[in-house]
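Subject: Structure handover

Hi,

Here is the structure for you to look over. My notes follow below it.

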Amino acid sequence: MVLCAMRRQLLRSGSCAVWARLLLQRQSSGCVYSSAHGFHQEEITEKLQAFPGGSVDLLKQESGIAVLTINYPSRMNAFSGSMMVELEERVSQLESWMDGKGVIVQGAAGTFCSGSDLTAVRAISNPQDGMKMCMFMQNALTRLLRLPLISVALVEGKALGGGAELTTACDFRLMASGSVIQFVHKHMGLVPGWGGAARLSRIVGSQNALKLLGGSLKVDPEVGLQIGLADGVLEVPRAEEGAGVVLQQAENWLSHYTEGAAPVIQAVKKVVLSGRELPLYEALRTEKDVFGTVWGGQANLQALANKSKHR
Ligand SMILES: CCC(=O)SCCNC(=O)CCNC(=O)[C@H](O)C(C)(C)COP(=O)(O)OP(=O)(O)OC[C@H]1O[C@@H](n2cnc3c(N)ncnc32)[C@H](O)[C@@H]1OP(=O)(O)O
């Protein structure tokens with residue numbers, strides 16, 4: 001409501017650029033829900049902490065590529081309540097990583113994530129708490145998608161339910177041979193609530209999204225490539241399975257897009273993000289602002305001094 005009033009006032013005063021900047025700031029903070037929507041972060045965090053187990057681990061590497069690991073192998077990396085809270089904390093850490101360029105989201109022990117922990121789901125099955133959990137995860141996953149880092153979901157084994165939704169909160173998806181992404185929500189009497197349906201429709205188009213959700217279809221790497229859900233398939237020879245071989249392949253794949261100075265890579269992500277999320281007029285103005293942050297910057301001056309050629 002407050003934002004709508006501000007928007008009207010800014011539009012009346014012709015300050016569209018200011019509005020666009022405000023919108024982008026709001027977007028980059030990822031606050032889909034705030035107290036104005038009845039969402040109280042501390043209240044839901046406390047409720048989620050009552051369902052502990054597993055962890056979400058973050059490894060920031062000197063290469064500028066971080067690895068975020070969903071780690072609860074005894075439950076096929078399902079999200080416990082405390083893991084949802086940890087996810088949000090890890091996203092905050094990535095938001096303030098000045099040297100970061102990319103992030104790979106993976107599951108521990110050769111499988112991606114089997115969605116929310118059904119033990120917790122059973123215990124908080126009333127609609128009010130379900131909605132609060134849903135708002136919490138939408139906020140966290142929207143902020144993950146809006147990081148100024150290029151993100152890749154590395155899918156090994158199974159990505160089910162909320163796990164499938166998590167893959168859509170990354171810029172790219174790489175599927176290892178034998179892996180499956182499946183929106184099993186319909187079988188659970190549900191629809192996605194972590195923002196997965198909205199993002200999926202944008203990735204594969206609404207026709208394909210309707211098929212995947214309506215049929216709870218199993219997407220293997222071949223189908224994934226066909227419909228544009230997967231951006232690459234990692235073939236892992238049996239003898240080389242395990243021991244981080246797939247992760248290394250994903251890092252190699254991502255490094256094609258993260259080579260260069262961190263401020264430039266972050267700027268690339270920001271202009272694409274604004275193109276993806278803002279109306280054209282506002283995206284153009286944002287692009288100009290981001291351009292201003294790299295023009296005459298260290299990488300730009302260095303390239304000019306080197307008389308770079310692009311043969
Ligand atoms: C946001 C909405 C949602 O995400 S709703 C949740 C959607 N996810 C599901 O319904 C997944 C249900 N699980 C399964 O279908 C199977 O366990 C899958 C993942 C296919 C693995 O099968 P399989 O390889 O045969 O192993 P398993 O069933 O013996 O599982 C190993 C242990 O992991 C557990 N597990 C698995 N998924 C979850 C989950 N989402 N929540 C809680 N626990 C889960 C299983 O119960 C099993 O535990 P245990 O060894 O029996 O103690």
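A word on terms before the sheet: two strands pair if DSSP finds at least two bridges between them. Keep in mind that this is a predicted model.

**The sheet**

By that rule, three strands make up an open sheet. Their order is β5-β7-β8, and the pairing is mixed. The edges are β5 (158-160) and β8 (218-219), each of which pairs on one side only. In general, strands of a sheet pair through backbone hydrogen bonds, either parallel or antiparallel. Here, β5 and β7 (residues 180-182) run parallel, joined by three bridges. To find this pairing on screen, start from lysine 158: valine 180 in β7 stands opposite.

**The ligand**

How many residues surround the ligand? There are 18, and the closest are Ser74, Ser114, Ser116, Leu118 and Gly162. The shell is made up of seven nonpolar, seven polar and four charged residues. Two elements, β5 and α7 (162-167), each supply at least two residues of the shell. So the edge strand β5 turns up again here, as a contributor to the shell around the ligand.Three backbone contacts are worth a look:

- Serine 74: a polar backbone atom is 3.2 Å from an oxygen atom of the ligand.
- Serine 116: a polar backbone atom is 2.9 Å from an oxygen atom of the ligand.
- Leucine 118: a backbone N or O atom lies 2.9 Å from a nitrogen atom of the ligand.

How much of the ligand's accessible area does the protein cover? On its own the ligand has 940 Å², and the protein covers 56% of that.

**Confidence**

The average pLDDT of the protein chain is 91. A score of at least 70 is reached by 89% of the residues. For the complex, the predictor gives an ipTM of 0.99 and a pTM of 0.92.

Where does pLDDT stay under 50? One such stretch is residues 1-20, for which the model has 15 contacts beyond four places in sequence. Residues 22-28 also stay under 50. For that stretch, too, the model has 15 contacts beyond four places in sequence.

Best wishes

Technical notes:
Residues are numbered from 1 along each chain as its sequence is written. This is a predicted model: local features need pLDDT of at least 70, side-chain atom pairs count only at pLDDT 80 or more; totals for chains, interfaces and linings use all residues. Side-chain values use heavy atoms; hydrogens and water are left out. Helices (H or I, at least four residues) and strands (E, at least two) are DSSP runs, numbered from the N terminus. A residue is near a molecule or strand if one of its heavy atoms lies within 4 Å of it. A polar contact is a pair of N or O atoms within 3.5 Å; within protein, one must be able to donate a hydrogen and the other to accept it, and residues adjacent in sequence count only if both atoms are side-chain atoms. Accessible areas come from the Shrake-Rupley method with a 1.4 Å probe; for residues, only the protein chains shown count as cover. Ala, Val, Leu, Ile, Met, Phe, Trp, Tyr, Cys and Pro count as nonpolar, Asp, Glu, Lys and Arg as charged, and the others, Gly among them, as polar. pLDDT is the predictor's confidence in each residue, from 0 to 100. Contact means heavy atoms within 4.5 Å.
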